[in-house]
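Visitor: I have a model open and would like to go through it with you. Could we start with the charged side chains?

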Amino acid sequence: MSPGFPDFRLGSVLATSFTATLTERHGDAVERIPTPQRLVDWLAVNGLDVDSCTTAQLDLARELREAIHAAATATALQDALPASAVQVINECSARGQATALLTPESERRWRVSGVEDALGVIAADAISLVAGERDGKFALCASPTCRAAFFDASQSRTRRWCDMNTCGNRQKKARFNANRKSR
């Protein structure tokens, strides 16, 4: 990992983990992939190893990230999908030439030759989620400074926070402190 950058927020859903590379969207935004090398690092952590990344590829990645976030937010709110977001997601999916491989441990791994292939995998994952092909639903984080779109695959589909260890903990701590002061 590249030192001096905020930690990645990793989840079990590739597309929404990718949108979490920009956090606190409605507060003091935190960019977790500020450099091309940092995108290479994020892709490696998520099993999409690439050798290098250009500034133009980083710009494309951020464009895809925002398109996925817009589509996921619209889905969570049961609004129409933004046409521009659909176009970006589809173009990235079509551009990618990744190959899924089965390991002897019965796991899927991706063979990618560059950033565009990796972004194609992420776009395809987003398409699967938005199209309703996976069991779960999109929701928006209850934190007023975050409002991240996340995929809720919990049994009850009632998750409130994108990440209990960050947003959920922060909100519960604030509520505890407010209650303590009012006593």
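Visitor: Is R62 buried, exposed or partly exposed?
Guide: In this predicted model, R62 is partly exposed, at a relative accessible area of 23%.

Visitor: Which side chain does R62 meet in a salt bridge?
Guide: R62 meets E31, with 3.7 Å from N to O. This pair links distant parts of the chain: E31 belongs to strand β2 and R62 to helix α3, and 31 residues separate them. E31 counts as partly exposed, its relative accessibility being 24%.

Visitor: What larger network includes R62?
Guide: Salt bridges link R25, E31, R62, R65 and E66 in a network.

Visitor: What is the N to O distance between R25 and E66?
Guide: The side chains of R25 and E66 form a salt bridge at 2.6 Å, N to O. Here too, distant parts of the chain are linked: R25 is in the loop between β1 (22–23) and β2 (30–31), whereas E66 is in helix α3 (residues 55–76), 41 residues apart.

Visitor: And their accessibility: is R25 buried or exposed?
Guide: R25 is buried, because its relative accessible area is 18% and the cut-off for buried is under 20%. E66, at 29% relative accessibility, counts as partly exposed.

Visitor: How many salt bridges does the structure hold?
Guide: The structure holds seven salt bridges. One of them joins the side chains of D125 and R134, at 2.5 Å from N to O. In that pair, D125 is buried, with a relative accessible area of 13%, while R134 is partly exposed at 30%.

Visitor: What about D117, which has no salt bridge? Which side chain of opposite charge is nearest?
Guide: The nearest side chain of opposite charge is that of R95, 9.0 Å away, and D117 is buried. A salt bridge requires a side-chain nitrogen within 4 Å of a carboxyl oxygen, so the D117 and R95 side chains do not qualify.

Visitor: Where does D117 sit, then?
Guide: D117 is in helix α5, which covers residues 115–130. Apart from neighbours within four places in sequence, D117 contacts R95, G96, Q97, A98 and V112.

Visitor: Changing topic to cysteines. How many disulfides are there?
Guide: A search of the whole structure finds zero. For C53, the nearest cysteine sulfur is that of C92, 12 Å away. Likewise, C92 is in no disulfide, and the nearest cysteine sulfur to C92 is that of C53. The pair does not count as a disulfide because the sulfur atoms would have to lie within 2.5 Å.

Visitor: Are those cysteines buried or exposed?
Guide: C53 counts as buried, at 14% relative accessibility. C92 is also buried, with a relative accessible area of 3%.

Visitor: Now the whole chain. How many helices and strands does the protein chain have?
Guide: The protein chain has six helices and six strands. Starting at the N terminus, the order is α-β-β-α-α-α-β-β-α-β-β-α.

Visitor: How does the radius of gyration fit a compact globule?
Guide: The radius of gyration is 17 Å, which agrees with the value near 16 Å for a compact globule of 183 residues. Along the principal axes, the C-alpha atoms fill a box of roughly 60 × 40 × 40 Å.

Visitor: How much of the chain is buried, and how much area is exposed?
Guide: Of the 183 residues, 41% count as buried. The protein chain exposes about 10100 Å², and carbon and sulfur atoms supply 49% of that area.

Terms used:
Residues numbered from 1 in each chain as written. Predicted model: local features only at pLDDT ≥ 70, side-chain atom pairs only at ≥ 80, totals over all residues. Heavy atoms only, no water. Buried < 20%, exposed > 50% of the residue type's maximum accessible area, 1.4 Å probe, protein only. Helix = DSSP H or I, 4+ residues; strand = E, 2+ residues; numbered from the N terminus. Lys, Arg positive; Asp, Glu negative; His and termini not counted. Contact = heavy atoms within 4.5 Å. Rg over C-alpha atoms; globule rule 2.2 N^0.38 Å. Areas by Shrake-Rupley, 256 points an atom, 1.4 Å probe, with all protein chains shown as cover.
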